[in-house]
Amino acid sequence: DTVSDIFGLKVYTTSGVYLGVVEDVRLNFGQNGATGVALTDVNPEVQEVAGGGEGVIIPYSWVESVHDVVLTIDVVQRLSHENITVLHLLDVEVSP
């Protein structure tokens with residue numbers, strides 16, 4: 001399996017809440033691993049909490065498993081109850 005295998009997969013929380021579709025993966029070559037998963041077609045509830053951008057990046061540490069879909073911890077509940085601030089808008093360009 002490669003990182004690109006998750007592109008296009010739907011993302012759900014372990015409680016069944018739809019989050020979005022994997023568009024990209026943020027990599028940290030210094031740590032040899034993924035640090036974030038960029039989503040498009042984002043659930044409106046998640047978009048609202050994240051500030052209303054077209055997409056969001058969730059920390060890869062929230063990913064529980066990857067098979068036919070990507071399962072994450074219960075992000076929506078965590079976002080609304082703990083005011084998590086690690087989501088980033090995809091429409092912000094990052095220079096290499």
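This is a short walk through one protein chain, from its overall layout to a few single residues.

Bear in mind that the model is predicted. I will start with the layout. The protein chain has 96 residues, of which 34% are buried. It carries two helices and seven strands. Reading from the N terminus, the order of elements is β-β-β-α-β-β-β-α-β. On contacts: taking those with a separation of 6 or more, 42% are between residues 24 or more positions apart. The accessible surface of the protein chain is about 6000 Å², and carbon and sulfur atoms hold 48% of that.

Next, some of those separations along the chain, beginning with strand β4. That strand covers residues 56-59, and P59 belongs to it. Is P59 buried or exposed? P59 counts as buried, because its relative accessibility is 16% and the cut-off for buried is under 20%. Its C-alpha atom is 8.7 Å from that of A34, although 25 residues separate P59 and A34 along the chain.

After β4 comes a loop that leads to β5 (63-66), and S61 sits in that loop. S61 is exposed, at 62% relative accessibility. What is the C-alpha distance between S61 and T35? The answer is 7.2 Å, for two residues 26 positions apart in the sequence. Both partners, A34 for P59 and T35 for S61, have numbers that fall in β3, which spans 33-40.

Further on, H67 is in the loop that joins β5 to β6 (70-72). With a relative accessibility of 63%, H67 is exposed. The residue to look at with it is L9: H67 and L9 are 58 residues apart in sequence, and their C-alpha atoms are 8.8 Å apart in space.

Now the backbone at D41. This residue lies in the loop between β3 and α1, the latter being residues 44-50. What is the sign of phi at D41? Phi is positive there, about 50°, and D41 is not a glycine. That deserves a remark because most residues other than glycine have a negative phi. As for its surroundings, D41 is exposed, with 54% relative accessible area; the cut-off for exposed is over 50%.

Then the aromatic rings. How many aromatic pairs does the count give? It gives one. The pair is formed by Y12 and Y18, with 5.5 Å from centre to centre and 65° between the planes. The arrangement is edge-to-face, because planes over 60 degrees apart are put in that class. Neither ring's residue is assigned to the buried class: Y12 is partly exposed at 26% relative accessibility, and Y18 is partly exposed as well, at 21%.

Last, a pocket. The second largest pocket holds about 190 Å³ of space. It is lined by 11 residues, and those closest to its centre are T2, V3, I6, Y60 and V66. What classes make up the lining of the second largest pocket? Seven of the lining residues are nonpolar, two are polar and two are charged. For orientation, Y60 follows P59 of strand β4, and V66 has the number that ends β5 (63-66).

To go back over the residues shown: P59 is buried, S61 is exposed, H67 is exposed, and D41, the residue with the positive phi, is exposed too.

Methods: Residues numbered from 1 in each chain as written. Predicted model: local features only at pLDDT ≥ 70, side-chain atom pairs only at ≥ 80, totals over all residues. Heavy atoms only, no water. 1 Å grid on protein atoms, 1.4 Å probe; cavity = no way out; pocket = protein on both sides within 12 Å on 5 of 7 lines; lining within 4 Å. Points joined across faces, edges and corners; volume = space filled by probe spheres on them. Nonpolar A, V, L, I, M, F, W, Y, C, P; charged D, E, K, R; others polar. Helix = DSSP H or I, 4+ residues; strand = E, 2+ residues; numbered from the N terminus. Buried < 20%, exposed > 50% of the residue type's maximum accessible area, 1.4 Å probe, protein only. Contact = heavy atoms within 4.5 Å. Areas by Shrake-Rupley, 256 points an atom, 1.4 Å probe, with all protein chains shown as cover. Phe/Tyr/Trp six-rings, centres within 6.5 Å; stacked < 30°, edge-to-face > 60°.
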